[in-house]
Amino acid sequence: MVLKLYNTLSGEKEVFSPLNDSIVGIYSCGPTVYDVAHIGNLRAYVFADVLRRYLELKGYKVKQVMNITDLDDKTIRASKEQGVSLREYTDRYIRFFFNDIDLLRIRRADVYPRVTEHIKEMVSMVKTLLDKGYAYRKDGSVYYKIQAFRDYGNLAKIDLSKIKAGITVEADEYEKEDVRDFALWKEKKEGEPFWETEIGEGRPGWHIECSAISTKYLGPTVDIHTGGVDNIFPHHQNEIAQSEAATGKRFVRYWMHCEHLLVNNKKMSKSLGNIITLESIVSSGFRADALRYLFVSSHYRSKLNFTWESIRHAENTLDRLNNFIERLPGYESDALDSEEIARLIRSTQERFEIEMDNDLNTPGAFAAVFEMIGRVNTGLDEAKLSTQDARAVHELMMRLDKVLDILSPGKKEGLSEEIEALIEERERARRMKDFKKADEIRKRLEEKGIVLEDTRTGVRWMSKFIK
Ligand code: AMP
Ligand code: ZN
């Protein structure tokens, strides 16, 4: 069966075939570590995780690279405000990031290159762009000359001539020759970190990191590049311009973008003040894997409107799935093996693959699974299912769960009531300015594996034990 993936570049579902038979390269735009991720960001990472796992189920070996933006206006500003070094500041948010993705069962990428550790590679690419005439210097900065790249606009489907001078693409850059050009290298500024390099003293612009890092770890051409739809323009369009001009080769073969997560039908974003974090979901008593289920069960190219009702519903469905899976291993009956069940298992597996092959149509894949569960449950209730058939259904569910990773039979996960009570007690102590007591409770929580850390928006906890 052939896998088809929707490619933003062509606007069509295309048959997937990797450049190199033995390994698929995936580059995923990663987090800017200046604050904890909101669940909109997390949706983009869950999508990339399902993609990777499905490719593996189909027998591909995958190498996935995700950059960590630990250097930009926001991280610099926030670290200064808090009076800590950029490294110390970003380290903290990197820990939160890994905690979130672990809770969501997102498999780790093969490498997480940090921007601050790849300045050399970025400088080298900027130099090449200068040498080839795609970039120019202005004062101490370097800009990409959009006019020089013939295909500019191909991904975002924009007509350059329609972007009028005066409408700034990036408002903070006004020293450019053409308002549409973007910064590759920013001149050193007072009070900001900078690097002494062949192209001058300063720091990289935002877009160059993904081009340079992806070339270093995956070569000039990547099979699949993922991100959220808001990355399409200008970020991914600029990545294409940088990479293809520098290497002379096609940069990405399949561009895949995850749609927005909405709250009350508006995009979740800081500026709208409608941010929900994974921590707030778990603190409200829901399990992290309910959020994973909510994401995985909707199609990545559909907008998803988050409501508390939807997470409640997701958790109930997940409970039903887990209850079902728990019944199977210990089930015994005298019933004979049935050809009908064997057919059902085969057709469910086939339908699962047909749906997933169709641009990762997870809602369709779940429909096939639920239909089977309905029929098997009846067999279990009436003891008409054979012991062997129950084992075979169990085996299939476990196989499919290698992609979905939502099941946790036998485990009731989440924050225990005792820990929740301790966190609340500590908050109360802090509000009453009883810091001695608050510290004592912090220690007790640490003994239980819960670490509290201060963030820009208040205290949050982390645990390696909660799934
Ligand atoms: P950032 O940390 O802002 O660079 O974003 C990390 C990833 O999250 C990017 O791939 C974004 O496209 C994606 N993203 C941001 N907001 C949303 C949202 N509301 N829904 C889905 N993805 C989002
Ligand atoms: Zn990127």
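This section describes the domains, cores, cavities and selected local features of a predicted model.

The protein is divided into domain 1 (19-258), domain 2 (308-404) and domain 3 (417-463). Between domain 1 and domain 3, the C-alpha centres are 36 Å apart. The contact between these two domains takes 13 residues from domain 1 and eight residues from domain 3.

The largest nonpolar core comprises 97 residues. Within this core, the residues with the most contacts are Ile39, Ile224, Leu291, Phe352 and Met397. Helix H1 (residues 39-57) provides the largest share of the core, with 10 residues. A second core, separate from the one just described, has 41 residues, and Leu129, Ile213, Ile240 and Phe251 are among them. For Leu291 of the largest core, the contacts beyond four places in sequence are with Ile39, Leu104, Leu278, Ile281, Phe306 and Ile311.

Helix H1 also contains Leu57. With a relative accessibility of 19%, Leu57 counts as buried, because the limit for that class is under 20%. Apart from residues up to four places away in sequence, Leu57 touches Phe352, Arg399 and Val403. Of these, Val403 is 346 residues from Leu57 along the chain, yet the two C-alpha atoms are separated by 7.2 Å. Phe352 appears again here, having been listed with the residues that have the most contacts inside the largest core.

Five cavities of 30 Å³ or more are present in the structure. The volume of the largest cavity is about 110 Å³. Its lining consists of Arg43, Val46, Phe47, Val50, Phe295, Val296, Ser298, His299, Tyr300, Leu360 and Thr362. By class, seven of the lining residues are nonpolar, three are polar and one is charged. H1 gives the largest share of the lining, four residues. Both H1 and helix H8 (288-296) supply at least two residues each. H1 therefore contributes the largest share to the largest nonpolar core as well as to the lining of the largest cavity.

Helix H5 (residues 208-218) is largely enclosed by the rest of the structure, because eight of its 11 residues are buried. The buried residues are Ile208, Glu209, Cys210, Ser211, Ala212, Ile213, Ser214 and Leu218. Ile213 is also a member of the second core. After H5 comes Gly219, which has a positive phi, near 85°.

Several backbone features were noted along the chain. Most residues other than glycine have a negative phi, and most peptide bonds are trans. An exception in the peptide bonds is found from Phe233 to Pro234, where the bond is cis and omega is near 0°. Pro234 is located in helix H6 (residues 232-247). Lys157, a residue other than glycine, has a positive phi near 55°. Lys157 is placed in the loop between strand S6 (141-144) and strand S7 (182-187). Asp405, also not a glycine, has a positive phi of about 45°. The loop that holds Asp405 runs between helix H12 (387-404) and helix H13 (417-431). Asp405 has a relative accessible area of 17% and is therefore buried, the limit being under 20%.

Two further loop positions were examined. Ser17 is in the loop between strand S2 (12-15) and strand S3 (24-28). Its relative accessibility is 36%, so Ser17 counts as partly exposed. Leaving out residues up to four places away in sequence, Ser17 touches Arg253 and Tyr254. Ser17 and Val111 are 94 residues apart in sequence, and their C-alpha atoms are 23 Å apart in space.

Met432 is in the loop between H13 and helix H14 (435-447). Met432 counts as exposed, because its relative accessibility is 67% and the class begins over 50%. From Met432 to Tyr143 the separation is 289 residues in sequence and 53 Å in space, C-alpha to C-alpha.

Technical notes
Residues numbered from 1 in each chain as written. Chains lettered and ligands numbered in written order. Predicted model: local features only at pLDDT ≥ 70, side-chain atom pairs only at ≥ 80, totals over all residues. Heavy atoms only, no water. Core = buried A, V, L, I, M, F, W, Y, C linked by side-chain atoms within 4.5 Å. Buried < 20%, exposed > 50% of the residue type's maximum accessible area, 1.4 Å probe, protein only. Contact = heavy atoms within 4.5 Å. 1 Å grid on protein atoms, 1.4 Å probe; cavity = no way out; pocket = protein on both sides within 12 Å on 5 of 7 lines; lining within 4 Å. Points joined across faces, edges and corners; volume = space filled by probe spheres on them. Nonpolar A, V, L, I, M, F, W, Y, C, P; charged D, E, K, R; others polar. Domains from an automatic or database assignment.
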